[in-house]
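Got the viewer open? Here's a short tour, one selection at a time.

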Amino acid sequence: MAKGYWVSAYRTISDPEKLAAYNKLAAQAVQAGGGRVLARGGRVVAHDAGIAERTVVIEFDTFEQAVAARESAAYQEALVALSDGVERDFRIIEGID
C-alpha cells in the first residue's frame with residue numbers, strides 16, 4: 001500500500017499564539033493517528049509561485065490513515081484552536097509505492 005502524506009505550506013501566520021495552541025493539539029492528534037513528522041519549519045527555499053514560510057510534511061503508513069487522521073475528533077479540535085490564525089495550503093497526497 002502507498003503511504004500517505006500531509007503537506008502544509010503556510011502563506012501567512014497572523015496569530016502565532018493560535019498556531020502554538022494548534023501545534024500542541026495537532027502533535028497529539030498526529031501521533032494518535034500514526035503519523036510521523038518528516039519536516040516542520042526549518043529552512044525553506046521557494047521557487048516559482050512558492051512562499052518561503054513554514055512548511056510541514058507528515059508521513060502515514062497509508063493514504064487512508066492520513067485521511068482518517070485529518071478527520072479525527074482530535075485533529076478537528078486542533079483546527080478549532082487554529083481558526084483564522086494562519087493562511088495555508090493543506091493537502092493529503094498519496095505516495096508512490
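Start by selecting helix α1 (residues 16-32) together with helix α3 (residues 73-82): in this predicted model, the two pack at an angle of about 175 degrees, their axes 8 Å apart. With angles over 145 degrees counted as roughly antiparallel, that makes α1 roughly antiparallel to α3.

Now show side chains where the two helices meet. On α1, pick Lys-18, Leu-19, Ala-21, Tyr-22, Leu-25, Ala-26 and Ala-29; on α3, pick Ala-74, Tyr-75, Glu-77, Ala-78, Leu-79, Ala-81 and Leu-82. Colour them by type and you'll get twelve nonpolar residues, two charged and no polar ones in the contact of α1 with α3.

Next stop, the sheet. Select the four strands and read across: the order is β2-β3-β1-β4, the sheet is open, and the pairing is antiparallel. At the edges sit β2 (36-40) and β4 (86-94), each paired on one side only. Look along the sheet for the twist, which averages 15 degrees from one strand to the next.

Zoom in on β1 (residues 4-13) and β3 (residues 55-60), which pair in the antiparallel sense over six bridges. Want a specific spot to click? Ser-8 has Val-56 in β3 as its bridge partner.

Last, bring the helices back over the sheet. Helix α2 (residues 63-71) packs on the sheet and touches β1, β3 and β4, with its direction at about 150 degrees to that of β4. Then return to α3: this helix packs on the sheet too, touching β1 and β4, and its direction makes about 155 degrees with that of β4.

Key
Residues numbered from 1 in each chain as written. Predicted model: local features only at pLDDT ≥ 70, side-chain atom pairs only at ≥ 80, totals over all residues. Heavy atoms only, no water. Axes fitted to C-alpha atoms, helices over the stretch in contact; angles between N-to-C directions. Parallel < 35°, antiparallel > 145°, perpendicular 65-115°, else oblique. Contact = heavy atoms within 4.5 Å. Nonpolar A, V, L, I, M, F, W, Y, C, P; charged D, E, K, R; others polar. Pairing = 2+ DSSP bridges.
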